[in-house]
Structure formats: C-alpha cells, structure tokens
Amino acid sequence: MSDHAGSSAVLDLPEDSTPPEKTARSPLDFIHLTGRAALVRDWIGVVVGVYVLITAVKVIGASLKIAVGDQAQQLFSFADNPLIALMIGLLATALTQSSSTTTSVTVGLVAGGLPLHIAIPMLMGANMGTTMTNTLVSLGMAKDKNVFRRAFAAATVHDFFNLFAVTILLPIELMFGVLERASGALSGAMAGGGSGPVGAIFTAIGNTVSAATEPLADAILWSADAVGMPAVAEGIVLAVVGVALILLVINKFGQLLKVLMVGRAKRVLHTAIARGPVTGIVSGCLITMAVQSSSTTTSLAVPLAGSGTFSLKQIYPVTVGANIGTTITALIAAFAFTGAEGVVALQTAFVHVLFNVFGALIVFGIPLLHSLPMVCATKLADLSAENKAYAITWSVGAFLVVPFVAIALTTWVF
C-alpha cells in the first residue's frame, strides 16, 4: 500500500466502533465523579501508581538483601547459563502478560545484588515474552481466513523481530559485553559521581523521588520485620509483596491509561502509520510510553492489519517502536534507588533501552535483515490460515513449552 493510499484509508475510515475512551471503565469509578473531576481523579491515580511502583521495586531490592545478604550470586547461580536466564525472562513475561513487571522486578533484583550478566538475558527474554499478547489477540480473528492471515502476520512479525534481535545481540553481548559497557557508561554519566550538570540534575531527581517513596517502603519493611520471621522467610515475603504490588499497579495503571490515552493512541496510529517507517517507529514508541504497555500498542495495530486498513509493511515499524517505548517502565523503576544501588539500577534500565535501540538499528535498519521478520511472519500466517493448529502450536510452544523444556534440558545437561 502506498503512502497516498494509506492516507486515504485514514481519511475514509468508518466510524463504526465506539472509541475506547467511551467504553473503557476506570478502576477508580467507585469514586463517583464525572467530567473534569473524574479526569483529575484518574490522573491522580496515575501519579499514585508511579509512586507505588517505585516503592514496590525498592521493596524487592531490600527483600533480596534481607534474604541472602551478599550471596545473591550463589542464589542465582542456576541462571548463570544465559539460555536459562533468557527463558526465565520469557516465561515470567508470558505468564504475567507484562514485560513491564518483569523488567521492574529485574531492576529491583539487580539493585539487591543480582549479577548484571544474569539480568541482561532476562531482559531480552522479557522482550520476547511480551509479544504473546498480540499473538493471542490475532487468534480472536480466526473465523475469517483472510482477516486472520493478515492479523496473525502482523502479530507474529513482532515475535520474529524480537527473536532475530536476541539471536544477534545475545552472542555479541556474551563475547564483547557491548550492552553492559554502554549501559555502564550511560548510568555513570547520569547518576555516577562527578558526572557533570546532567548527572547532577538526574541525581537530584532520583534523590527526591527516592526520599518521597522512602516512608511507604520503610513501613512495609518495618511491618515484615515486626512479625519476627527468620531473615530468609522475611525476604521471601517481602519479595512476594513487592511483585504483587507491581502486578497490581501495572494492571490498574494500564486500565487508567487506557481510559485516558488509548482513544488518542488510536487516532495517532491512524494518522502516523501511513506516513512512513520512521513515523511508525516514533508513534509506536510514544504511544507505548503513554499507555505504559507495548502489548496495548501492538494489540491496537493488529486489528488494523486484519481489516486490511494497513499492510504488514506499515504495521511492522510500529511494533519496533513499541519495543523501545516499553523501556520507560524500567527507567521509572530505577528511581527507587540512590547511590551505588541507583547507578546499577539505572544501568539495568539502560540495558533494556539499548537492547531495543540496537535491535531496531540492526534488524530493522540493515537491508539484508529488514525483511526477514515479515517473510517469516507471512509464511507462518499462511500456514496458520489453512490450519489453525500451526497458530496454536506457535502460541503455546514458543512462549510456554519451549522455555520450560529449554530450562529443564539445560539444567539437566549442565
């Protein structure tokens, strides 16, 4: 579809569906307000959500130190194999349906002592696992063969893009430590000592946010300590509380942002997709940052492809941008820590950013690689349209069976 044709499609789209902002219900609707007051209520809810997210990440970091002290390396030795760490990140994200949860927890764990070389494959796995949501969305269009073919291709192009990015960048990281070195330089410049004006500003913001979240975090830690449990049990309980809070916040946070932003996001997608790949990447990135969910962005794009409004080639850049946009959550989580912990937490967040930026530059930017995700997605979609067993096998196998088997085999062999 040419840019001109795409623009026409945008102008001529039928108004046959109710915009999400009219149908989505705010999780704060129990506070009975309407109009501008309801809008203010929901935005306050977003601010509170960020506050609780940062607090929960701080609690997870503390829980690991309480449970194992300086023995985190030994605790996570089972994940020292990068394949296991990768599969853990993939499984955790597929099961929670939220890469934001996995990356936030990982930031907290690294601040608590998890070695960065284990966290890096876990973050890559989180990227792979997050694509499961839009793949499941496409399965809802299975009744019409042609619609399903287009939708499933648009969904799985995200799968294949992330698969190629990991296949290329993980070996490079293991050999040369590119992500670890680059993220270390960035975090040192932003939050390290003697890092100049930019670092001073960033550190001041981090100190302010950390100080603001300290009371709630301290209250949670005090409550667990007051029970008088053994250190290991206390650390486990705190970790569970932290993860539960993150899951709750990400879920409610997403609902609030859908009410506030998704209708606008759909209009941005309709306007931007047809304007070229760069605009598609930027819009996918910005929308994901706004709604705090790459799954939401890609799930908005899949029906557009299924209906034939936009081609796979036009949807593809949006998924690349969504990958980059979703890294904002880990950056927010890094503000839970200051000092040396803050530097390593920020480095972990920057690993996620750089992985997705480098992936976009390599897989999407290099002509020889650019089309491979589309070719693979189209082939799989053609097979799946003829026999739905291919789609089901892919959805269950790639995100659940293969990770479980890989972890089992790798642990048994090594």
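# Briefing: one cavity and a set of salt bridges

A search of the whole structure turns up one cavity of 30 Å³ or more. The model is a predicted one, and the notes below walk through that cavity before turning to the charged pairs. On the charged side, the count comes to eight salt bridges, and three of them are picked out here along with how open their partners are.

**The cavity**

- The largest cavity holds about 30 Å³ of space.
- Its lining is made up of L169, I172, E173, V178, L179 and F358.
- Two helices, α9 (145-176) and α10 (178-191), each give at least two residues to the lining of the largest cavity.
- Helix α9 makes the largest contribution to that lining, with three residues.
- Sorted by class, the lining has five nonpolar residues, no polar ones and one charged residue.
- The charged residue of the lining is E173, because Glu counts as charged.

**A salt bridge between helices**

- E214 and K58 form a salt bridge, with 3.8 Å between the closest N and O atoms.
- This pair ties together distant parts of the chain: E214 sits in helix α11 (residues 196-226) and K58 in helix α3 (residues 35-68), 156 residues apart.
- The two partners differ in exposure: E214 is partly exposed, at a relative accessible area of 31%, whereas K58 is buried, at 10%.
- K58 counts as buried because its 10% falls under the 20% limit.

**The network around R25, D29, R41 and D42**

- Through shared partners, salt bridges join R25, D29, R41 and D42 into one network.
- Within this group, R41 pairs with D42, their closest N and O atoms lying 3.1 Å apart.
- Both R41 and D42 are buried.
- D29 and R25 also meet through their side chains in a salt bridge, at 3.8 Å from N to O.
- That pair meets the salt-bridge rule because its 3.8 Å is within the 4 Å cut-off.
- R25 is exposed, with a relative accessible area of 62%, while D29 is partly exposed, at 25%.
- R25 earns the label exposed because its 62% is over the 50% limit, and D29 is called partly exposed because its 25% lies between the 20% and 50% limits.

**A thought to take along**

- Why do such pairs form at all? Side chains of opposite charge can pair when their charged atoms come close.

Note on methods:
Residues are numbered from 1 along each chain as its sequence is written. This is a predicted model: local features need pLDDT of at least 70, side-chain atom pairs count only at pLDDT 80 or more; totals for chains, interfaces and linings use all residues. Side-chain values use heavy atoms; hydrogens and water are left out. Buried means under 20% relative accessible area, exposed over 50%, partly exposed in between (1.4 Å probe, protein chains only). Helices (H or I, at least four residues) and strands (E, at least two) are DSSP runs, numbered from the N terminus. On a 1 Å grid over the protein atoms alone, a cavity is a set of points where a 1.4 Å probe fits but cannot get out, and a pocket is an open set with protein on both sides within 12 Å along at least five of seven lines; lining residues have an atom within 4 Å of a point. Grid points are joined across faces, edges and corners, and a volume is the space filled by probe spheres set on the points.
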